Amino acid sequence: MNRVYIKTYGCQMNERDSEAVAAMLRGRGYRIVDDENACDILLLNTCSVRDAAEQKALGKAGYAAARKKRQPDFVIGILGCMAQNRGAAILDTLPDVDLVIGTQKFHQVPGYLDNLRAAREAGLPIGASIVDIAEEAGSQNTIRDHLDAEAGAAPQVSAFVSIQQGCNMDCHFCIVPKTRGDERSRPMEAIVAECRSLASKGVREITLLGQIVTSYGRRDYRHTDGVSPFVQLLEKVHEIDGIERIRFTSPHPRGFKDDLVAAYARLPKLCEYVHLPMQSGSDRILRAMNRPYSRERYLKIVEALRSARPDMYFSTDIIVGYPGETEADFEQTRELFESCNYDMAYIFKYSVRSGTVAAELADQVPEAEKERRNQVLLDILHRNSEQRTAALIGTTQEVLVDGPDKTGRRFTGRTRGNRVCIFDADPRLIGQLVPLHIERASVSTLYGSLVLAGVSDRAGETHSAPRAAPASAAA
Ligand code: 5AD
């Protein structure tokens with residue numbers, strides 16, 4: 001009764017939370033399994049950002065409940081944002097759910113499962129469900145465990161590190177301040193220690209995570225010489241030997257000041273890939289959303305970053321069909337979207353979230369119109385991304401080798417711009433930065449071959465060590 005399958009919905013923060021829960025459970029003797037059909041405990045780590053994400057998890061839990069007929073001890077847990085958002089009300093429609101655990105209580109999951117297990121093993125009647133969605137001071141410090149690789153498995157190359165929880169921005173469309181609570185940062189030393197420990201285990205790439213990373217530590221640390229606490233943190237992680245690449249998500253345009261732009265020019269490990277949520281290109285809609293920046297300011301940040309790193313890649317979040325968004329507003333978004341030339345974008349149709357300011361607004365945009373606007377942006381994204389990919393063919397890119405690909409015959413890695421690459425390699429190259437000559441590409445994947453020295457210094461003996469070739473920039 002100790003096999004756990006965790007299904008994660010939503011963002012990278014949720015992935016990180018699931019990973020930490022898995023690590024804590026493994027530390028307590030539970031087994032984390034890959035096969036949902038072979039588990040005793042199903043944990044759904046949920047997302048509430050849009051209604052569709054909640055419906056997916058609810059559907060899954062309802063379907064899983066039927067399993068209790070043939071597997072009476074089967075445990076279903078709903079964790080994370082939807083648990084926080086809906087609380088005990090989940091049990092009204094899904095009485096078979098055993099655990100409803102909010103976003104500040106992930107670290108309690110092992111204890112609650114131990115209790116359930118003990119009760120069942122003692123033959124006690126199956127009790128009421130456990131609901132815990134309370135706030136907990138210091139809970140931002142509890143997401144710090146990482147799943148150590150199984151003996152013999154390839155080491156983990158890339159890791160997420162949570163630096164902050166919650167958000168105080170009050171964007172009018174967004175449920176996150178309700179599901180994740182107040183903005184709380186982890187101490188800088190604890191984050192740096194975690195990154196150091198990851199580096200010592202072979203991790204080469206760190207992605208710092210938070211709902212609004214640009215506000216990191218604003219209540220706990222001072223600016224020094226105009227450098228914000230977040231940039232100070234980047235500097236400290238940058239100093240760690242073994243860490244070769246640093247990424248972060250998500251920043252807020254409001255906090256994307258000159259010190260952060262300048263960091264791109266002086267911290268070479270900071271990858272030239274920025275996820276910068278725009279949400280809308282219309283000043284009127286940005287105001288209605290309570291997003292405190294203008295389209296002009298947004299474009300200035302993009303231009304400044306392109307000056308700091310001409311080969312910068314950008315991704316963004318956009319909401320189409322926000323209440324009151326007219327054709328003229330959308331045209332402004334379309335135009336700004338086109339001029340930023342995104343490599344990747346997450347385009348969302350506005351979804352009413354009860355309890356948010358926007359949910360009360362009249363003037364909802366019809367679904368068909370949201371769909372049309374969504375498609376217009378997707379077409380632009382597709383074109384831009386294709387052009388960018390085409391420009392990479394024939395160049396040599398620095399690739400971090402992640403491990404075997406799905407087939408197990410080849411290897412996968414990522415460029416600094418976060419494009420996935422497939423190539424032939426040797427397992428000894430996992431975790432290394434290698435130069436890859438890009439030969440062809442599909443919509444989302446690059447294919448190439450390692451640039452090898454291939455020099456023979458003695459008759460018949462050829463070295464095939466990767467040569468340090470400079471990564472050439474895309475056009
Ligand atoms: N409807 C649609 N998209 C939303 N997002 C947040 N709230 C909503 C909503 N109510 C999007 C925003 C945010 C991303 C994580 O999800 O673009 O940046």
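**Reading the terms used for this predicted model**

Q: Why is D363 called exposed in this predicted model?
A: D363 has a relative accessible area of 58%, and a residue counts as exposed when that value is over 50%, so the term exposed applies to D363. The residue lies in the loop between β14 (344–349) and α13 (367–392), and its phi is near 65°, a positive value in a residue other than glycine.

Q: What makes N290 partly exposed?
A: The relative accessible area of N290 is 29%, and partly exposed is the term for values between the buried limit of 20% and the exposed limit of 50%, so N290 falls in the middle class. N290 belongs to the loop between α10 (283–289) and α11 (295–308), and it has a positive phi of about 65° although it is not a glycine.

Q: Why is V33 called buried?
A: V33 has a relative accessibility of 13%, and buried means under 20%, which means that V33 meets the condition. This residue is located in the loop between β2 and β3. Leaving aside its neighbours within four places in sequence, V33 is in contact with R3, V4, Y5, A38 and C39.

Q: How do you know that strand β1 and strand β2 are paired?
A: Strands are said to pair if at least two bridges are found between them, and β1 (residues 3–8) and β2 (residues 31–32) share 2 bridges, so the condition is met, with the two strands in the parallel sense. Within this pair, V4 stands opposite I32 in β2.

Q: What makes β1 and strand β3 a pair as well?
A: Here 5 bridges join β1 to β3 (residues 41–46), and since pairing asks for at least two, the two strands, which run parallel, count as paired. In this case I6 stands opposite L43 in β3.

Q: How do you know that strand β4 and strand β5 pair?
A: Between β4 (residues 75–80) and β5 (residues 99–101) there are 3 bridges in the parallel sense, which meets the requirement of at least two. The bridge partner of I78 in β5 is V100.

Q: In what order do the strands of the sheet follow one another, and which are the edge strands?
A: The open sheet is formed by 6 strands in the order β2-β1-β3-β4-β5-β6, with parallel pairing. The edge strands are β2 and β6 (130–132), as each of them pairs on one side only.

Q: Which elements make the right-handed β-α-β unit, and what makes it right-handed?
A: The unit is made by β1, helix α1 (residues 12–27) and β2. The term right-handed is used when, with the strands pointing away from the viewer, the path from the first strand over the helix to the second runs clockwise, and this unit is classed as right-handed.

Q: How do you know that the span of α1 agrees with its number of residues?
A: At 1.5 Å a residue, the 16 residues of α1 should span 22 Å, and the end C-alpha atoms of α1 are 23 Å apart, so the two values agree. Among the buried residues of this helix are M13, N14, A20 and V21, and just after α1, G29 takes a positive phi of about 95°.

Q: Where do helices α1 and α2 lie with respect to the strands?
A: Helix α1 lies across β1, β2 and β3, and runs at about 170° to β1. Helix α2 (residues 51–65) packs on the sheet, where it touches β1, β3 and β4, and its direction makes about 170° with that of β3.

Q: Which residues does UniProt list as "binding site", and how far apart are they?
A: The UniProt record, an unreviewed entry, places this feature at C11, C47 and C81. Although these residues are spread over 71 residues of sequence, they cluster in space, with a largest C-alpha distance of 10.7 Å.

Q: Why do C11 and C81 fall into separate accessibility classes?
A: C11, found in the loop between β1 and α1, has 40% relative accessibility and therefore counts as partly exposed, whereas C81, found in helix α3 (residues 81–86), has 7% and therefore counts as buried. Not counting residues up to four places away in sequence, C81 touches N14, T46, C47, S48, T103, T179 and R180.

Definitions and conventions: Residues are numbered from 1 along each chain as its sequence is written. This is a predicted model: local features need pLDDT of at least 70, side-chain atom pairs count only at pLDDT 80 or more; totals for chains, interfaces and linings use all residues. Side-chain values use heavy atoms; hydrogens and water are left out. Helices (H or I, at least four residues) and strands (E, at least two) are DSSP runs, numbered from the N terminus. The expected span of a helix is 1.5 Å times one less than its number of residues. Buried means under 20% relative accessible area, exposed over 50%, partly exposed in between (1.4 Å probe, protein chains only). Contact means heavy atoms within 4.5 Å. Axes are lines fitted to C-alpha atoms, for helices over the stretch in contact, and angles run from 0 to 180 degrees between N-to-C directions. UniProt positions are given in the numbering used here, feature names are shortened, and annotations may be inferred rather than shown by experiment.
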